[in-house]
Amino acid sequence: MAKSAAKANPATRAYEQGLALLRAHPVFGKLAYRVQWVRNDTSTCPATGWLLARRDESVHLHPKRLAQPPEWAYAMGRAVLLHALQLWQADRGDWPAWSAACDVVTARFMHGIKFGRAPEGMALPPDLPQWDEARWYREFCEHGVPAWAQALSLAAPWPTLQAPPDWGAVPGLAWGAAAWPEAFAQGIAASVQQAIEVAAGVRDALGGDAPPVAGRHALRAHTQRARDWFIGSYPLLGSMVAAFTFIEDAELCRREEVMVAAVDEQLRTIYLNPAAALGVDETRFVIAHEVLHVALRHGARCQGREPFLWNVACDFVINDWLIQMQVGAPPAIGLLHDLALRGLSAEEVYDRLARDLRRMRKLCTLAGYQGDMLRRRLSPERAPFTDLDAFCREQLGKGLLLHQQQGRGLLPAALLEEINAVLQPAIPWEVQLARWFDHHFPPIDTRRSYARLSRRQSATPDIPRPRVVHDENHRDGRTFGVVLDTSGSMDRHALARALGAIASYAEAKEVPAVRLVCCDAAPYDMGYLPASEIAGRVQLKGRGGTVLQPAVDLLQAAADFPRDGPLLIITDGECDHLSVRRSHAWLLPPGKRLAFAHQGEVFHMD
């Protein structure tokens with residue numbers, strides 16, 4: 001309710017639109033993400049001001065000011081420039097005069113690039129001298145700060161810049177003072193590049209918000225060069241990259257909250273946010289990151305895990321590989337990387353992250369806080385893959401072969417293992433289940449006996465022949481227990497399919513009877529049933545909650561059940577932790593997983 005009210009608030013809506021304009025601009029796009037915007041009750045902005053810029057890379061905005069989006073974009077752009085131009089200089093004795101000098105410089109810059117709109121009363125006088133901040137500071141120290149310069153303050157009646165006595169120790173600046181000028185220079189270069197593309201007719205408007213030309217998606221020169229580099233110089237991923245469509249649309253990314261990049265594996269589309277203003281090397285890194293998500297089938301391997309946390313775990317693994325292989329350069333905006341997790345698989349990293357869910361949910365992927373493996377389609381332009389697994393196997397296989405033949409360099413061992421795992425088709429669950437039966441129920445020994453002769457052949461009626469008999473002693477105790485989760489969350493079709501497979505394999509392995517226990521909130525012992533009757537004549541009981549431990553305890557303590565008889569537990573994973581003291585296996589529906597540490601093999605029905 002509060003969220004919908006905030007969206008209906010015109011002041012909040014105008015602020016959010018202004019921030020979106022700032023992030024979409026090539027000069028300010030990357031810089032705007034480096035600032036912490038504080039617009040709530042904790043803001044220290046004065047009641048008559050617009051914002052107060054602080055040395056700790058936060059900007060405190062007026063939480064109730066009603067303004068137009070271009071005015072907010074103008075004000076926040078000037079606040080970002082204070083860091084980009086490195087105007088935090090504590091050795092200035094007259095701080096109000098220094099802050100006023102900085103206001104003049106930032107206002108002049110905004111006027112020069114014609115971005116945003118200056119609020120009423122903040123217009124610059126005509127024919128203003130082309131002085132830098134140091135020259136303006138000397139002017140104001142000698143002759144005082146004129147009224148027109150005082151009106152430029154965004155925190156009036158205070159200086160726009162937080163005064164040095166209030167800086168404190170400024171612990172742990174997120175980016176450091178040295179990173180700001182570099183990012184600012186990249187933004188200016190991106191702006192010049194876009195201006196050239198506009199003049200050449202490649203783009204419709206400067207700033208990246210214009211819709212692309214019908215029928216095609218115009219890419220920045222950096223993106224095109226990075227894409228061509230994979231196709232021509234990096235065969236491991238070249239064929240995969242060539243199969244993807246790239247879309248750079250600032251408005252689309254803003255609407256879908258894609259901060260840097262995201263991938264839709266079904267549409268074979270990689271979305272890049274031009275507002276991130278990535279360089280060529282950074283774009284290479286990001287493209288390789290998104291393609292590896294698809295190539296290694298991370299979406300399909302989620303298997304019931306929390307999707308965002310699984311995405312974060314995969315990011316840690318992929319980023320470390322790319323850094324080891326020196327594929328491009330990590331984005332300056334930051335990424336998920338931890339040397340302590342090197343060598344671990346995505347599943348192992350996920351298990352570690354799951355120990356502290358509250359803190360790990362605050363981590364940010366390349367797409368932001370939603371994960372860069374999109375689970376929805378942003379555009380209906382393409383039909384989905386007919387067989388995504390086959391596509392990934394084919395492209396990765398060709399790429400790995402070329403990479404090794406051309407001696408393109410060593411690959412991390414863990415990455416090679418995952419690629420080889422993808423190249424091998426998955427073993428059907430029925431085959432895995434058959435192997436489990438083979439292990440626990442080897443063929444019954446046979447022998448020839450003259451105790452009861454077989455039928456004589458008509459050609460040689462005088463020659464008695466032995467009869468093949470089974471060792472009846474091996475039939476004793478040849479059974480297994482089935483714990484069947486009959487709670488309401490179990491799908492009836494999945495139950496029928498599982499029971500049918502169990503019945504057929506039990507008959508093939510000459511298992512005379514199976515001990516079946518249905519369980520939801522309480523166990524229902526069905527006793528021993530012939531294998532042929534499991535799938536056809538069993539009437540399920542229960543369909544309530546899920547508590548499977550009593551059923552397991554019943555079979556483990558039953559006097560008429562063999563001590564070494566294995567158990568097969570059929571469940572959807574939505575159950576409490578189970579303690580099983582004998583050999584056992586799990587059979588789960590597709591996409592489900594056990595939410596606790598367990599032993600025994602796990603089979604997933606396709």
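These legends walk through several close-up views of a predicted model.

**View 1. A six-stranded open sheet.** Follow the strands across this sheet and you meet them in the order β11-β10-β9-β12-β13-β14, with mixed pairing. Strands of a sheet are held together through backbone hydrogen bonds, and the pairing can be parallel or antiparallel. At the edges you'll find β11 (523-530) and β14 (601-604); each has a single partner strand, so one side of each has no neighbour in the sheet. Going from one strand to its neighbour in this sheet, the turn is 20 degrees on average, ignoring direction.

**View 2. Strands β12 and β13 side by side.** Let's zoom in on one pair from that sheet. Strand β12 covers residues 567-570, strand β13 covers residues 584-588, and four bridges pair them in the parallel sense. Want a residue to look for? Start at Leu 568 and you'll find its bridge partner in β13, Ala 585.

**View 3. Two helices lying across the six-stranded sheet.** Helix α19 is made of residues 492-508 and lies across β9 (481-485), β10 (513-519), β12 and β13. Compared with β9, helix α19 runs at about 170 degrees. Helix α20, residues 549-557, lies across β9, β10, β11 and β12. Its angle to β10 is about 150 degrees.

**View 4. A three-stranded open sheet with a helix packed on it.** Here the strand order is β1-β3-β2, again with mixed pairing. The edge strands are β1 (36-38) and β2 (51-53), and each has just a single partner strand, so one side of each is left without a sheet neighbour. From one strand to the next, the twist averages 20 degrees. Strand β1 and strand β3 (residues 58-61) run parallel and are joined by three bridges. One residue to pick out is Gln 36, whose bridge partner in β3 is Ser 58. Helix α4 (residues 69-84) packs on this sheet and touches β1, β2 and β3. The direction of helix α4 makes about 10 degrees with that of β2.

**View 5. A salt bridge between two loops.** The structure has 16 salt bridges by the rule used here, and this close-up shows the one between Glu 265 and Arg 297. Their closest N and O atoms are 3.3 Å apart. Glu 265 sits in the loop between β5 (261-264) and β6 (269-272), while Arg 297 sits in the loop between α12 (280-295) and α13 (307-325), so this pair ties together parts that are 32 residues apart in sequence. Are these partners buried or exposed? Glu 265 counts as buried, with 17% relative accessibility, and Arg 297 is buried too, at 12%.

**View 6. A salt bridge from a helix to a loop.** Now look at Asp 320 and Arg 342, which form a salt bridge with their closest N and O atoms 2.8 Å apart. Asp 320 belongs to helix α13 and Arg 342 to the loop between α13 and α14 (346-353), so the pair links parts that are 22 residues apart in sequence. Asp 320 counts as buried at 4% relative accessibility, whereas Arg 342 counts as partly exposed at 41%.

**View 7. More charged side chains.** Arg 255 and Glu 256 meet in a salt bridge through their side chains, at 3.9 Å from N to O. Glu 256 counts as buried, with 17% relative accessibility. Elsewhere, salt bridges link Arg 515, Asp 525 and Asp 560 in a network.

**View 8. Aromatic rings in pairs.** Twelve aromatic pairs turn up in a search of the whole structure. In one of them, the rings of Trp 136 and Phe 140 have centres 5.6 Å apart and planes at 35 degrees, so the pair is tilted. Both residues lie in helix α6 (residues 133-143), four residues apart, or about one turn of the helix. Trp 136 is buried, with a relative accessible area of 4%, and so is Phe 140, at 3%. For another pair, try Trp 229 and Tyr 234: their ring centres are 5.4 Å apart and their planes are at 20 degrees, so this pair is stacked. Tyr 234 is buried, with a relative accessible area of 7%.

**View 9. A ring cluster, and charges over rings.** Ring pairs join Trp 131, Trp 136, Phe 140 and Trp 148 into a cluster. Rings can have charged company as well: the charged end of Arg 92 sits over the ring of Trp 98, 4.3 Å from its centre. Likewise, the charged end of Arg 305 sits over the ring of Tyr 350, 5.6 Å from the ring's centre.

Methods. Residues numbered from 1 in each chain as written. Predicted model: local features only at pLDDT ≥ 70, side-chain atom pairs only at ≥ 80, totals over all residues. Heavy atoms only, no water. Pairing = 2+ DSSP bridges. Axes fitted to C-alpha atoms, helices over the stretch in contact; angles between N-to-C directions. Contact = heavy atoms within 4.5 Å. Salt bridge = Lys/Arg side-chain N within 4 Å of Asp/Glu carboxyl O. Buried < 20%, exposed > 50% of the residue type's maximum accessible area, 1.4 Å probe, protein only. Phe/Tyr/Trp six-rings, centres within 6.5 Å; stacked < 30°, edge-to-face > 60°. Lys NZ or Arg CZ within 6 Å of the ring centre and 35° of its normal.
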